[in-house]
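Let us learn to read a protein model, one feature at a time. Have the picture ready.

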Amino acid sequence: MALGFWTLDHPADATAVVLPNGQVLSYKELARQSDAIADAFGSLGKRSLVFLLCRNGEDCLAAYLGGLRSNQVLGLFDAEMQPEFLNSLLENYQPDFIFASEPIAFANYQEAPAPRGFLYRRTTLRSGPPTAPELALLLTTSGSTGSPKLVRLSLQNLNANAQSIVSYLELTSEDRGLTSLPMSYSYGLSIFNSHLLAGGTLLIPHASFLQRTYWDFVSKHQPSSMAGVPYHYEVLLKMKMLDRELPGLRTLTQAGGRLSPDRVSQVEQLSFRRGWKFFVMYGQTEATARIAYLPPNRVREKPGSIGIAIPGGKLYLDDDTGELLYTGPNVMLGYSETASDLAKGDELHGLLRTGDVGRRDEEGFYYIVGRLKRFLKIYGKRFNLDEMEDAMGRRGCGTVACFGNDDRIVVAMERGSPEPLVREVLEHLKIHPHAFRLVNVDTLPRYPNSKIDYQSLARQEFFE
Amino acid sequence: MQEDKLTLSESELILRRAFANGLQISEESVNDALQYASTPGWDSVAHMALIASLDSTFDIMLDTDDVLELSSYPKAREILRKYGVRF
(Lines give C-alpha, C1' and ligand atoms only; values in the text may rest on other atoms or scores of the structure.)
Protein backbone atom coordinates (compact mmCIF):
# COMPACT_ATOMS: atom_id res chain seq x y z
CA MET A 1 0.00 0.00 0.00
CA ALA A 2 1.16 3.48 -0.81
CA LEU A 3 1.96 5.81 2.04
CA GLY A 4 -1.11 7.17 3.71
CA PHE A 5 -2.41 10.57 2.57
CA TRP A 6 -1.90 11.80 6.14
CA THR A 7 1.89 11.56 5.72
CA LEU A 8 1.60 14.61 3.45
CA ASP A 9 4.63 13.29 1.67
CA HIS A 10 4.76 15.81 -1.16
CA PRO A 11 7.12 18.62 -2.16
CA ALA A 12 7.36 20.81 0.95
CA ASP A 13 6.53 24.03 -0.85
CA ALA A 14 3.62 22.66 -2.88
CA THR A 15 0.31 24.29 -2.00
CA ALA A 16 -1.83 22.01 0.14
CA VAL A 17 -4.63 24.38 1.07
CA VAL A 18 -6.13 27.68 -0.01
CA LEU A 19 -8.14 29.14 2.86
CA PRO A 20 -11.31 31.24 2.53
CA ASN A 21 -9.34 34.48 2.88
CA GLY A 22 -7.02 33.41 0.09
CA GLN A 23 -4.18 32.52 2.45
CA VAL A 24 -2.14 29.54 1.30
CA LEU A 25 -0.70 26.63 3.31
CA SER A 26 2.14 24.56 1.91
CA TYR A 27 2.34 20.84 2.58
CA LYS A 28 5.20 21.53 4.95
CA GLU A 29 3.19 24.09 6.90
CA LEU A 30 0.12 21.84 7.03
CA ALA A 31 2.27 19.01 8.40
CA ARG A 32 3.79 21.32 11.01
CA GLN A 33 0.37 22.55 12.15
CA SER A 34 -1.00 19.01 12.26
CA ASP A 35 1.86 17.77 14.39
CA ALA A 36 1.50 20.67 16.80
CA ILE A 37 -2.09 19.61 17.50
CA ALA A 38 -1.06 15.96 17.62
CA ASP A 39 1.24 16.85 20.51
CA ALA A 40 -1.75 18.18 22.45
CA PHE A 41 -3.80 15.04 21.71
CA GLY A 42 -0.88 12.90 22.83
CA SER A 43 -0.43 14.71 26.12
CA LEU A 44 -2.20 11.97 28.10
CA GLY A 45 0.61 9.56 27.30
CA LYS A 46 -1.80 7.11 25.74
CA ARG A 47 -3.94 6.75 22.64
CA SER A 48 -6.77 9.28 22.97
CA LEU A 49 -10.34 9.30 21.77
CA VAL A 50 -10.83 12.75 20.24
CA PHE A 51 -14.11 14.19 18.97
CA LEU A 52 -13.71 16.94 16.38
CA LEU A 53 -16.59 19.37 15.99
CA CYS A 54 -15.85 20.12 12.38
CA ARG A 55 -16.06 23.26 10.35
CA ASN A 56 -14.14 23.16 7.09
CA GLY A 57 -11.02 25.23 7.71
CA GLU A 58 -7.39 25.02 8.75
CA ASP A 59 -8.11 24.31 12.44
CA CYS A 60 -10.19 21.20 11.88
CA LEU A 61 -8.10 20.00 8.94
CA ALA A 62 -4.93 20.21 11.05
CA ALA A 63 -6.68 18.49 13.98
CA TYR A 64 -7.93 15.71 11.69
CA LEU A 65 -4.54 15.11 10.10
CA GLY A 66 -2.76 15.49 13.45
CA GLY A 67 -5.02 12.84 14.93
CA LEU A 68 -4.39 10.42 12.07
CA ARG A 69 -0.64 11.12 12.05
CA SER A 70 -0.33 10.39 15.76
CA ASN A 71 -2.58 7.32 15.73
CA GLN A 72 -5.42 8.66 17.89
CA VAL A 73 -9.02 7.56 17.48
CA LEU A 74 -11.04 10.42 16.00
CA GLY A 75 -14.74 11.05 15.78
CA LEU A 76 -15.81 13.64 13.18
CA PHE A 77 -19.03 15.51 13.77
CA ASP A 78 -20.61 18.57 12.24
CA ALA A 79 -20.06 21.60 14.45
CA GLU A 80 -23.70 22.50 13.73
CA MET A 81 -25.07 19.21 15.01
CA GLN A 82 -27.95 19.30 17.46
CA PRO A 83 -26.70 19.83 21.03
CA GLU A 84 -28.88 16.99 22.39
CA PHE A 85 -27.32 14.57 19.92
CA LEU A 86 -23.83 15.77 20.76
CA ASN A 87 -24.49 15.48 24.48
CA SER A 88 -25.79 11.95 24.15
CA LEU A 89 -22.69 11.03 22.14
CA LEU A 90 -20.41 12.60 24.76
CA GLU A 91 -22.21 10.76 27.53
CA ASN A 92 -22.06 7.50 25.63
CA TYR A 93 -18.47 7.59 24.38
CA GLN A 94 -16.76 9.88 26.92
CA PRO A 95 -14.03 11.10 24.54
CA ASP A 96 -10.75 12.17 26.17
CA PHE A 97 -10.71 15.37 24.12
CA ILE A 98 -13.09 17.56 22.20
CA PHE A 99 -11.64 19.86 19.58
CA ALA A 100 -13.58 22.76 18.08
CA SER A 101 -12.69 25.79 16.02
CA GLU A 102 -14.86 27.98 18.23
CA PRO A 103 -15.14 28.12 22.02
CA ILE A 104 -17.91 26.05 23.55
CA ALA A 105 -18.64 24.80 27.07
CA PHE A 106 -19.21 21.19 28.12
CA ALA A 107 -19.97 19.60 31.47
CA ASN A 108 -17.07 17.40 32.62
CA TYR A 109 -14.62 19.07 30.25
CA GLN A 110 -12.04 21.79 30.86
CA GLU A 111 -10.05 23.80 28.39
CA ALA A 112 -6.62 22.41 27.60
CA PRO A 113 -3.72 24.14 25.83
CA ALA A 114 -3.80 23.82 22.05
CA PRO A 115 -1.73 25.51 19.36
CA ARG A 116 -4.92 26.45 17.51
CA GLY A 117 -8.64 26.11 17.87
CA PHE A 118 -10.14 25.09 21.21
CA LEU A 119 -9.33 21.90 23.00
CA TYR A 120 -11.28 20.47 25.95
CA ARG A 121 -10.07 17.63 28.11
CA ARG A 122 -12.33 15.33 30.04
CA THR A 123 -12.00 15.92 33.77
CA THR A 124 -12.60 12.29 34.71
CA LEU A 125 -11.09 9.18 33.21
CA ARG A 126 -12.88 7.50 30.36
CA SER A 127 -14.37 4.20 31.40
CA GLY A 128 -14.56 1.22 29.07
CA PRO A 129 -11.98 -1.01 27.44
CA PRO A 130 -9.12 0.32 25.28
CA THR A 131 -9.86 1.07 21.65
CA ALA A 132 -9.05 -1.55 19.02
CA PRO A 133 -5.63 -0.93 17.46
CA GLU A 134 -7.02 -0.84 13.92
CA LEU A 135 -9.69 1.75 14.76
CA ALA A 136 -8.84 5.25 13.50
CA LEU A 137 -12.02 7.13 12.72
CA LEU A 138 -15.69 7.31 13.66
CA LEU A 139 -18.27 8.88 11.37
CA THR A 140 -22.01 9.23 11.76
CA THR A 141 -24.12 7.05 9.50
CA SER A 142 -25.70 9.06 6.74
CA GLY A 143 -29.01 10.58 7.61
CA SER A 144 -29.26 9.51 11.20
CA THR A 145 -30.02 12.08 13.84
CA GLY A 146 -30.14 11.16 17.45
CA SER A 147 -28.81 7.67 16.90
CA PRO A 148 -25.48 6.96 18.56
CA LYS A 149 -24.71 4.50 15.77
CA LEU A 150 -21.32 5.30 14.29
CA VAL A 151 -19.26 3.79 11.51
CA ARG A 152 -15.84 2.45 12.58
CA LEU A 153 -13.08 2.96 10.02
CA SER A 154 -9.39 2.09 9.93
CA LEU A 155 -6.47 3.97 8.40
CA GLN A 156 -6.39 1.24 5.76
CA ASN A 157 -10.06 1.91 4.94
CA LEU A 158 -9.38 5.62 4.55
CA ASN A 159 -6.32 5.28 2.41
CA ALA A 160 -7.68 2.49 0.24
CA ASN A 161 -10.74 4.54 -0.65
CA ALA A 162 -8.63 7.63 -1.32
CA GLN A 163 -6.42 5.56 -3.64
CA SER A 164 -9.41 4.24 -5.58
CA ILE A 165 -10.79 7.75 -5.98
CA VAL A 166 -7.44 9.17 -7.12
CA SER A 167 -7.29 6.38 -9.66
CA TYR A 168 -10.72 6.70 -11.31
CA LEU A 169 -10.91 10.49 -11.11
CA GLU A 170 -7.31 10.58 -12.36
CA LEU A 171 -6.32 13.13 -9.73
CA THR A 172 -2.80 14.55 -9.87
CA SER A 173 -0.82 17.17 -7.99
CA GLU A 174 -2.24 19.66 -10.49
CA ASP A 175 -5.75 19.16 -9.17
CA ARG A 176 -7.53 21.77 -7.12
CA GLY A 177 -10.50 20.32 -5.30
CA LEU A 178 -13.25 22.58 -4.04
CA THR A 179 -14.26 21.35 -0.58
CA SER A 180 -17.75 22.75 -0.20
CA LEU A 181 -19.16 19.65 1.53
CA PRO A 182 -18.53 19.25 5.27
CA MET A 183 -15.49 17.20 6.23
CA SER A 184 -17.60 15.40 8.84
CA TYR A 185 -19.60 13.95 5.95
CA SER A 186 -18.00 10.93 4.24
CA TYR A 187 -18.34 12.36 0.72
CA GLY A 188 -16.88 15.69 1.84
CA LEU A 189 -14.05 13.96 3.70
CA SER A 190 -13.23 11.81 0.67
CA ILE A 191 -12.48 14.98 -1.29
CA PHE A 192 -9.97 16.09 1.33
CA ASN A 193 -8.36 12.64 1.53
CA SER A 194 -8.07 11.99 -2.20
CA HIS A 195 -6.64 15.40 -3.05
CA LEU A 196 -4.08 15.15 -0.26
CA LEU A 197 -3.07 11.70 -1.48
CA ALA A 198 -2.57 13.06 -5.00
CA GLY A 199 -0.54 15.97 -3.67
CA GLY A 200 -3.12 18.39 -5.04
CA THR A 201 -4.61 21.52 -3.52
CA LEU A 202 -7.69 21.85 -1.33
CA LEU A 203 -9.70 25.00 -1.93
CA ILE A 204 -11.76 25.74 1.16
CA PRO A 205 -14.47 28.33 0.56
CA HIS A 206 -16.10 29.96 3.52
CA ALA A 207 -19.58 30.54 2.23
CA SER A 208 -22.38 28.41 0.86
CA PHE A 209 -22.74 27.89 -2.89
CA LEU A 210 -25.76 30.19 -2.80
CA GLN A 211 -23.68 33.18 -1.76
CA ARG A 212 -21.77 35.68 -3.80
CA THR A 213 -18.51 35.23 -1.83
CA TYR A 214 -18.46 31.54 -2.72
CA TRP A 215 -18.47 32.24 -6.45
CA ASP A 216 -15.95 35.04 -6.01
CA PHE A 217 -13.70 32.48 -4.33
CA VAL A 218 -14.33 30.04 -7.18
CA SER A 219 -13.50 32.65 -9.85
CA LYS A 220 -10.33 33.60 -8.08
CA HIS A 221 -8.96 30.16 -7.21
CA GLN A 222 -10.31 28.15 -10.13
CA PRO A 223 -11.05 24.65 -8.86
CA SER A 224 -10.41 21.75 -11.21
CA SER A 225 -13.09 19.69 -9.53
CA MET A 226 -16.39 20.47 -7.86
CA ALA A 227 -18.64 18.08 -5.94
CA GLY A 228 -22.30 18.09 -5.08
CA VAL A 229 -25.20 16.08 -3.74
CA PRO A 230 -28.42 15.89 -5.80
CA TYR A 231 -29.82 19.02 -4.19
CA HIS A 232 -26.80 21.05 -5.30
CA TYR A 233 -27.23 19.95 -8.89
CA GLU A 234 -30.96 20.67 -8.81
CA VAL A 235 -30.22 24.23 -7.72
CA LEU A 236 -27.15 24.71 -9.93
CA LEU A 237 -29.25 23.72 -12.94
CA LYS A 238 -32.27 25.75 -11.94
CA MET A 239 -30.20 28.87 -11.30
CA LYS A 240 -28.04 28.22 -14.37
CA MET A 241 -24.96 28.54 -12.22
CA LEU A 242 -22.97 26.06 -14.27
CA ASP A 243 -23.42 28.35 -17.27
CA ARG A 244 -21.00 30.87 -15.81
CA GLU A 245 -17.32 31.07 -16.67
CA LEU A 246 -15.49 28.36 -14.76
CA PRO A 247 -11.93 28.39 -16.05
CA GLY A 248 -9.81 25.44 -14.96
CA LEU A 249 -12.79 23.23 -14.18
CA ARG A 250 -12.16 19.69 -15.36
CA THR A 251 -14.37 17.41 -13.26
CA LEU A 252 -17.81 17.44 -11.69
CA THR A 253 -18.78 14.71 -9.25
CA GLN A 254 -22.19 13.82 -7.84
CA ALA A 255 -22.94 11.48 -4.96
CA GLY A 256 -24.94 11.49 -1.76
CA GLY A 257 -28.17 10.12 -3.19
CA ARG A 258 -29.94 9.60 -6.45
CA LEU A 259 -30.04 12.43 -8.95
CA SER A 260 -32.89 11.81 -11.37
CA PRO A 261 -31.81 10.50 -14.79
CA ASP A 262 -33.26 13.66 -16.39
CA ARG A 263 -31.00 15.85 -14.34
CA VAL A 264 -28.04 13.55 -14.87
CA SER A 265 -28.54 13.90 -18.61
CA GLN A 266 -28.79 17.68 -18.30
CA VAL A 267 -25.50 17.90 -16.40
CA GLU A 268 -23.91 15.46 -18.83
CA GLN A 269 -24.89 17.56 -21.86
CA LEU A 270 -23.63 20.69 -20.20
CA SER A 271 -20.39 18.97 -19.22
CA PHE A 272 -19.91 17.61 -22.73
CA ARG A 273 -20.25 21.11 -24.19
CA ARG A 274 -17.86 22.59 -21.67
CA GLY A 275 -15.28 19.81 -21.83
CA TRP A 276 -15.81 18.66 -18.25
CA LYS A 277 -15.96 15.10 -17.05
CA PHE A 278 -19.10 14.36 -15.06
CA PHE A 279 -18.94 11.46 -12.63
CA VAL A 280 -22.09 10.02 -11.12
CA MET A 281 -21.05 8.07 -8.05
CA TYR A 282 -22.56 5.79 -5.45
CA GLY A 283 -21.35 5.05 -1.97
CA GLN A 284 -22.00 4.77 1.71
CA THR A 285 -20.20 5.89 4.84
CA GLU A 286 -20.05 2.16 5.65
CA ALA A 287 -17.62 1.87 2.72
CA THR A 288 -15.64 4.94 3.88
CA ALA A 289 -17.29 6.86 1.04
CA ARG A 290 -17.19 5.49 -2.49
CA ILE A 291 -18.40 2.14 -3.82
CA ALA A 292 -19.18 2.71 -7.51
CA TYR A 293 -18.85 5.29 -10.25
CA LEU A 294 -20.26 5.73 -13.73
CA PRO A 295 -17.48 6.50 -16.22
CA PRO A 296 -18.21 9.90 -17.80
CA ASN A 297 -18.26 8.53 -21.33
CA ARG A 298 -21.10 6.15 -20.39
CA VAL A 299 -23.35 8.69 -18.64
CA ARG A 300 -25.21 9.59 -21.83
CA GLU A 301 -26.33 6.00 -22.47
CA LYS A 302 -26.93 5.04 -18.87
CA PRO A 303 -28.02 8.13 -16.91
CA GLY A 304 -29.85 6.03 -14.29
CA SER A 305 -26.92 3.76 -13.50
CA ILE A 306 -24.55 3.86 -10.53
CA GLY A 307 -21.91 2.38 -12.81
CA ILE A 308 -19.25 -0.10 -11.87
CA ALA A 309 -17.25 -0.87 -8.74
CA ILE A 310 -14.39 1.49 -7.92
CA PRO A 311 -10.86 0.18 -8.55
CA GLY A 312 -9.99 -2.34 -5.86
CA GLY A 313 -13.61 -3.25 -5.10
CA LYS A 314 -16.20 -5.71 -6.40
CA LEU A 315 -19.96 -5.44 -6.72
CA TYR A 316 -22.40 -8.31 -6.99
CA LEU A 317 -26.00 -9.17 -6.19
CA ASP A 318 -27.39 -11.46 -3.54
CA ASP A 319 -29.00 -14.34 -5.43
CA ASP A 320 -32.03 -14.47 -3.16
CA THR A 321 -32.86 -10.89 -2.37
CA GLY A 322 -31.18 -8.92 -5.14
CA GLU A 323 -29.37 -6.92 -2.49
CA LEU A 324 -26.32 -5.10 -3.76
CA LEU A 325 -23.19 -6.46 -2.10
CA TYR A 326 -19.76 -4.90 -2.14
CA THR A 327 -16.35 -6.19 -1.18
CA GLY A 328 -13.27 -4.05 -0.93
CA PRO A 329 -10.56 -2.75 1.36
CA ASN A 330 -12.67 0.32 2.16
CA VAL A 331 -15.46 -1.61 3.89
CA MET A 332 -15.76 -0.46 7.49
CA LEU A 333 -14.72 -2.52 10.50
CA GLY A 334 -18.31 -2.39 11.73
CA TYR A 335 -20.76 -0.18 13.55
CA SER A 336 -20.41 1.21 17.01
CA GLU A 337 -23.39 1.83 19.25
CA THR A 338 -21.71 2.05 22.64
CA ALA A 339 -18.26 2.87 23.96
CA SER A 340 -17.48 -0.82 24.41
CA ASP A 341 -17.84 -1.34 20.64
CA LEU A 342 -14.68 0.73 20.17
CA ALA A 343 -12.71 -2.30 21.38
CA LYS A 344 -14.03 -4.44 18.54
CA GLY A 345 -11.90 -5.32 15.54
CA ASP A 346 -12.99 -6.00 11.98
CA GLU A 347 -16.43 -7.61 11.99
CA LEU A 348 -17.30 -7.34 8.30
CA HIS A 349 -14.09 -8.72 6.77
CA GLY A 350 -14.45 -6.59 3.69
CA LEU A 351 -18.04 -7.52 2.83
CA LEU A 352 -20.74 -4.86 2.94
CA ARG A 353 -24.43 -5.58 2.50
CA THR A 354 -25.59 -2.22 1.16
CA GLY A 355 -29.29 -2.63 1.99
CA ASP A 356 -30.04 -1.44 -1.55
CA VAL A 357 -31.66 -3.73 -4.07
CA GLY A 358 -29.82 -3.62 -7.36
CA ARG A 359 -29.82 -4.98 -10.85
CA ARG A 360 -27.03 -5.42 -13.38
CA ASP A 361 -27.32 -4.86 -17.10
CA GLU A 362 -25.75 -7.01 -19.78
CA GLU A 363 -22.60 -4.87 -19.76
CA GLY A 364 -22.15 -5.23 -16.01
CA PHE A 365 -23.39 -1.76 -15.03
CA TYR A 366 -25.40 -1.56 -11.83
CA TYR A 367 -28.68 0.17 -11.02
CA ILE A 368 -30.39 0.73 -7.69
CA VAL A 369 -34.02 -0.32 -7.84
CA GLY A 370 -35.03 0.13 -4.22
CA ARG A 371 -34.20 -0.22 -0.59
CA LEU A 372 -34.15 -3.75 0.75
CA LYS A 373 -35.51 -2.75 4.10
CA ARG A 374 -38.52 -1.08 2.58
CA PHE A 375 -39.70 -4.50 1.48
CA LEU A 376 -41.44 -6.79 3.90
CA LYS A 377 -42.17 -10.41 3.36
CA ILE A 378 -45.45 -11.12 5.11
CA TYR A 379 -46.69 -14.70 5.04
CA GLY A 380 -44.36 -15.36 2.14
CA LYS A 381 -45.54 -12.40 0.15
CA ARG A 382 -43.35 -9.42 -0.63
CA PHE A 383 -44.71 -5.96 0.03
CA ASN A 384 -43.09 -2.75 -1.07
CA LEU A 385 -43.77 -0.32 1.76
CA ASP A 386 -43.19 2.75 -0.39
CA GLU A 387 -45.75 1.57 -2.90
CA MET A 388 -48.14 0.86 -0.04
CA GLU A 389 -47.75 4.43 1.21
CA ASP A 390 -48.30 5.74 -2.30
CA ALA A 391 -51.48 3.68 -2.62
CA MET A 392 -52.76 5.09 0.65
CA GLY A 393 -51.85 8.59 -0.46
CA ARG A 394 -53.82 8.15 -3.68
CA ARG A 395 -56.83 6.89 -1.73
CA GLY A 396 -56.77 10.05 0.40
CA CYS A 397 -55.47 8.50 3.60
CA GLY A 398 -53.53 11.60 4.61
CA THR A 399 -50.02 11.32 5.97
CA VAL A 400 -49.13 7.76 6.84
CA ALA A 401 -45.93 5.79 7.32
CA CYS A 402 -45.71 2.07 6.62
CA PHE A 403 -42.92 0.09 8.23
CA GLY A 404 -42.45 -3.01 10.30
CA ASN A 405 -40.79 -6.40 10.31
CA ASP A 406 -41.48 -9.66 8.59
CA ASP A 407 -44.19 -10.50 11.11
CA ARG A 408 -46.21 -7.40 10.91
CA ILE A 409 -46.73 -4.20 8.98
CA VAL A 410 -47.30 -1.14 11.09
CA VAL A 411 -49.14 1.80 9.62
CA ALA A 412 -48.60 4.98 11.61
CA MET A 413 -51.32 7.48 10.85
CA GLU A 414 -50.81 11.14 11.50
CA ARG A 415 -53.64 12.93 13.26
CA GLY A 416 -56.67 13.28 10.98
CA SER A 417 -55.84 10.29 8.82
CA PRO A 418 -59.09 8.41 8.06
CA GLU A 419 -58.71 4.91 9.49
CA PRO A 420 -61.48 3.27 7.39
CA LEU A 421 -59.72 4.29 4.18
CA VAL A 422 -56.39 2.91 5.44
CA ARG A 423 -58.13 -0.38 6.24
CA GLU A 424 -59.71 -0.40 2.83
CA VAL A 425 -56.32 -0.09 1.09
CA LEU A 426 -54.84 -2.83 3.26
CA GLU A 427 -57.77 -5.08 2.44
CA HIS A 428 -57.43 -4.26 -1.22
CA LEU A 429 -53.76 -5.31 -1.06
CA LYS A 430 -54.96 -8.58 0.51
CA ILE A 431 -52.95 -8.13 3.64
CA HIS A 432 -54.13 -10.48 6.33
CA PRO A 433 -55.84 -8.62 9.20
CA HIS A 434 -53.38 -10.20 11.63
CA ALA A 435 -50.45 -9.00 9.59
CA PHE A 436 -50.92 -5.32 10.21
CA ARG A 437 -51.40 -2.93 13.04
CA LEU A 438 -52.68 0.64 12.90
CA VAL A 439 -51.32 3.22 15.30
CA ASN A 440 -52.10 6.89 15.72
CA VAL A 441 -49.32 9.42 16.12
CA ASP A 442 -49.43 13.17 16.59
CA THR A 443 -46.76 13.80 14.01
CA LEU A 444 -44.44 11.44 12.19
CA PRO A 445 -40.75 11.83 13.08
CA ARG A 446 -38.84 13.36 10.20
CA TYR A 447 -35.24 14.09 9.21
CA PRO A 448 -34.23 17.71 8.58
CA ASN A 449 -34.67 17.01 4.86
CA SER A 450 -38.32 16.20 5.72
CA LYS A 451 -38.04 12.51 4.86
CA ILE A 452 -39.80 10.24 7.34
CA ASP A 453 -37.44 8.85 9.98
CA TYR A 454 -38.36 5.16 9.86
CA GLN A 455 -35.52 4.21 12.19
CA SER A 456 -37.00 6.31 14.91
CA LEU A 457 -40.47 4.88 14.23
CA ALA A 458 -39.08 1.38 14.39
CA ARG A 459 -37.56 2.07 17.81
CA GLN A 460 -40.97 2.83 19.27
CA GLU A 461 -42.78 -0.10 20.75
CA PHE A 462 -45.45 -0.68 18.15
CA PHE A 463 -44.84 -4.40 17.98
CA GLU A 464 -46.55 -5.42 21.25
CA MET B 1 -48.75 61.01 3.05
CA GLN B 2 -50.94 58.74 5.15
CA GLU B 3 -51.39 56.37 2.24
CA ASP B 4 -47.65 56.26 1.57
CA LYS B 5 -47.03 55.20 5.15
CA LEU B 6 -49.52 52.38 4.83
CA THR B 7 -47.79 51.12 1.69
CA LEU B 8 -44.48 51.19 3.51
CA SER B 9 -45.58 49.02 6.38
CA GLU B 10 -47.52 46.68 4.14
CA SER B 11 -44.54 45.70 1.98
CA GLU B 12 -42.54 45.31 5.12
CA LEU B 13 -45.17 43.00 6.60
CA ILE B 14 -45.36 40.94 3.44
CA LEU B 15 -41.58 40.66 3.31
CA ARG B 16 -41.53 39.63 6.93
CA ARG B 17 -44.12 36.94 6.26
CA ALA B 18 -42.18 35.68 3.23
CA PHE B 19 -39.06 35.39 5.38
CA ALA B 20 -40.95 33.63 8.16
CA ASN B 21 -42.31 31.20 5.58
CA GLY B 22 -39.04 30.60 3.83
CA LEU B 23 -36.90 30.21 6.91
CA GLN B 24 -39.59 28.48 8.98
CA ILE B 25 -39.34 30.97 11.83
CA SER B 26 -41.94 33.12 13.55
CA GLU B 27 -42.76 36.52 12.09
CA GLU B 28 -41.70 38.13 15.35
CA SER B 29 -38.18 36.82 14.98
CA VAL B 30 -37.73 38.34 11.53
CA ASN B 31 -35.45 41.37 11.85
CA ASP B 32 -32.57 43.24 10.21
CA ALA B 33 -29.99 40.99 11.88
CA LEU B 34 -30.97 37.90 9.87
CA GLN B 35 -28.03 36.68 7.82
CA TYR B 36 -27.44 33.73 5.54
CA ALA B 37 -25.43 30.99 7.27
CA SER B 38 -25.13 32.76 10.63
CA THR B 39 -28.86 32.69 11.33
CA PRO B 40 -29.71 29.15 12.49
CA GLY B 41 -31.88 27.49 9.89
CA TRP B 42 -30.91 29.80 7.04
CA ASP B 43 -29.08 27.21 4.96
CA SER B 44 -29.17 26.49 1.24
CA VAL B 45 -32.47 24.63 1.44
CA ALA B 46 -34.08 27.44 3.41
CA HIS B 47 -32.54 29.94 1.01
CA MET B 48 -34.22 28.37 -2.01
CA ALA B 49 -37.49 28.21 -0.08
CA LEU B 50 -37.08 31.87 0.78
CA ILE B 51 -36.42 32.77 -2.86
CA ALA B 52 -39.52 30.82 -3.94
CA SER B 53 -41.49 32.55 -1.24
CA LEU B 54 -40.29 36.01 -2.36
CA ASP B 55 -40.90 35.21 -6.04
CA SER B 56 -44.49 34.16 -5.44
CA THR B 57 -45.33 36.76 -2.80
CA PHE B 58 -44.15 39.68 -4.91
CA ASP B 59 -44.88 38.02 -8.24
CA ILE B 60 -41.33 38.47 -9.50
CA MET B 61 -38.47 36.25 -10.74
CA LEU B 62 -35.28 37.00 -8.86
CA ASP B 63 -32.31 36.45 -11.14
CA THR B 64 -29.30 34.37 -10.16
CA ASP B 65 -27.13 37.32 -9.19
CA ASP B 66 -29.82 38.59 -6.86
CA VAL B 67 -30.28 35.13 -5.36
CA LEU B 68 -26.56 35.09 -4.53
CA GLU B 69 -26.62 38.68 -3.32
CA LEU B 70 -29.56 38.18 -0.99
CA SER B 71 -27.58 37.41 2.14
CA SER B 72 -29.46 39.38 4.79
CA TYR B 73 -32.85 40.84 5.54
CA PRO B 74 -31.84 44.44 4.70
CA LYS B 75 -30.27 43.16 1.49
CA ALA B 76 -33.60 41.56 0.55
CA ARG B 77 -35.32 44.92 0.93
CA GLU B 78 -32.67 46.55 -1.23
CA ILE B 79 -32.98 43.90 -3.95
CA LEU B 80 -36.78 43.97 -3.96
CA ARG B 81 -36.66 47.71 -4.55
CA LYS B 82 -34.97 46.97 -7.88
CA TYR B 83 -38.04 44.91 -8.78
CA GLY B 84 -40.31 47.83 -8.03
CA VAL B 85 -41.37 46.97 -4.49
CA ARG B 86 -41.74 50.11 -2.37
CA PHE B 87 -40.82 50.12 1.29
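A short dialogue between a learner and a teacher follows.

Q: What kind of model is this, and how is it numbered?
A: This is a predicted model, in which local features need pLDDT of at least 70, side-chain atom pairs count only at pLDDT 80 or more, and totals for chains, interfaces and linings use all residues. Residues are numbered from 1 along each chain as its sequence is written, chains are lettered from A and ligands numbered from 1 in the order in which they are written, and side-chain values use heavy atoms, with hydrogens and water left out.

Q: How many helices and strands does chain A have?
A: Helices (H or I, at least four residues) and strands (E, at least two) are DSSP runs, numbered from the N terminus. Chain A has 11 helices and 26 strands. Its radius of gyration is 23 Å, close to the 23 Å from the globule rule for 464 residues, so chain A is as compact as a globular protein of that length. That radius is taken over C-alpha atoms, and the rule is 2.2 Å times the number of residues to the power 0.38.

Q: Which elements make up chain B?
A: From the N terminus on, they run α-α-α-α. The totals are 4 helices and 0 strands. For 87 residues, a compact globule would have a radius of gyration near 12 Å, and chain B agrees with 12 Å.

Q: What box do the C-alpha atoms of each chain fill?
A: The box is taken along the principal axes. For chain A it is roughly 70 × 60 × 40 Å. For chain B it is roughly 40 × 30 × 20 Å.

Q: What share of each chain is buried?
A: Buried means under 20% relative accessible area, exposed over 50%, and partly exposed in between (1.4 Å probe, protein chains only). In chain A, 56% of the 464 residues count as buried. In chain B, 44% of the 87 residues do.

Q: How are contacts spread along the sequence?
A: A contact means heavy atoms within 4.5 Å. Take contacts between residues at least 6 apart in sequence. In chain A, 65% of these join residues at least 24 apart. In chain B, 50% of these do.

Q: Where do the charges of each chain lie on average?
A: Lys and Arg count as positive, Asp and Glu as negative; His and the chain ends are not counted. The place of a charge is NZ of Lys, CZ of Arg, CG of Asp or CD of Glu. Chain A has 49 positive and 52 negative side chains, with the two centres 3 Å apart. Chain B has 8 positive and 15 negative charges, and their mean positions are 6 Å apart.

Q: How is helix α5 of chain A read, by span and by cover?
A: The expected span of a helix is 1.5 Å times one less than its number of residues. Helix α5(A), residues 186–198, has 13 residues and reaches 18 Å from first C-alpha to last, close to the 18 Å expected. Of its 13 residues, 13 are buried, so α5(A) is largely enclosed by the rest of the structure. Just after α5(A), G199(A) takes a positive phi of about 80 degrees.

Q: Which residue other than glycine has a positive phi?
A: One of them is L8(A), with phi near 55 degrees. L8(A) lies in the segment before β1 (15–18). At 6% relative accessibility, L8(A) counts as buried.

Q: What does D318(A) touch?
A: Leaving out residues up to four places away in sequence, D318(A) touches E323(A), L325(A) and R353(A). D318(A) sits in the loop between β17 (314–317) and β18 (323–327) of chain A.
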